[in-house]
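Open the model in your viewer and keep the sequence panel beside it. The tour moves from strand to strand, then to the ligand.

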Amino acid sequence: MLAGTAGPWHIAPVDPGAKEGEASQIPAIRVSMMPADTNAHGTIFGGRILSLIDQAGAIGAHRIGARRVVTVAMREVVFKEPVQVGDIVSCYADVLRTGRTSITVKVRVIAHHPTDVHHPIEVTDAEVVYVNVDDHNRPIPLEASPM
Ligand SMILES: CC(C)(COP(=O)(O)OP(=O)(O)OC[C@H]1O[C@@H](n2cnc3c(N)ncnc32)[C@H](O)[C@@H]1OP(=O)(O)O)[C@@H](O)C(=O)NCCC(=O)NCCS
């Protein structure tokens, strides 16, 4: 049995999120980039990163109690550095603000080579707005969202 596990199955605790005003230290998502994730030039396709941003932000939105969310807006995304096959991409999600039905999440994307954790590359960041919806995809107030 692995050290620190209570039994044959060990479920990691859910990231409770950062304290107010602080940035998350635990990524919402961490993924190894594969050849299938590349564009025509051999680096990672921007759309793949956008997909990860969207997923990570939704995880952040659920953390504050949203039950079912749809993405309504993704604010300017500037890719500062390319991501390579084999890189590990981490997406950190922090809720910036909430409205009546909406949640705005900042997602930071960092890449690193699997054997070099000391040189993280800041790939991009984005603000993503989600709307809390009912089973018919109609906006519902956050406090009305059944858990
Ligand atoms: C998201 C959606 C349910 C909102 O419907 P709507 O009729 O515009 O709802 P509302 O006008 O009541 O707005 C709901 C919330 O979204 C916010 N919102 C709407 N458009 C927005 C925009 N362009 N940018 C930021 N927030 C926006 C509103 O400010 C409101 O927030 P609040 O309640 O916290 O004040 C609807 O537009 C939709 O279904 N969009 C498609 C979602 C989707 O499929 N996403 C995946 C993309 S492929």
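Two strands count as paired if DSSP finds at least two bridges between them. Keep in mind that this is a predicted model.

**Stop 1: S4 and S5.** Select strand S4, residues 102-113. Add strand S5, residues 116-132. S4 and S5 pair in the antiparallel sense, over 11 bridges. Two residues lie between them, and the two strands form a hairpin. For one rung of this ladder, pick Ala 111: its bridge partner in S5 is Ile 121.

**Stop 2: S3 and S4.** Keep S4 and bring in strand S3, residues 88-98. This pairing is antiparallel too, with 10 bridges. A hairpin of three residues joins S3 to S4. Now label Ser 90; its bridge partner in S4 is Ile 110.

While the strands are on screen, look at the side chains. In a regular strand they alternate between the two faces of the sheet.

**Stop 3: the ligand.** Which residues are closest to the ligand? Select Ala 73, Gly 99, Arg 100, Thr 101 and Ser 102. The full shell around the ligand has 13 residues. Strands S2 (69-74) and S5 (116-132) are the elements that each give two or more residues to this shell. S2 gives the most, with four residues.

**Stop 4: colour the shell.** Colour the shell residues by class. How many are nonpolar, polar and charged? Seven are nonpolar, five are polar and one is charged.

How values were computed:
Residues numbered from 1 in each chain as written. Predicted model: local features only at pLDDT ≥ 70, side-chain atom pairs only at ≥ 80, totals over all residues. Near = placed C-beta within 6 Å. Nonpolar A, V, L, I, M, F, W, Y, C, P; charged D, E, K, R; others polar.
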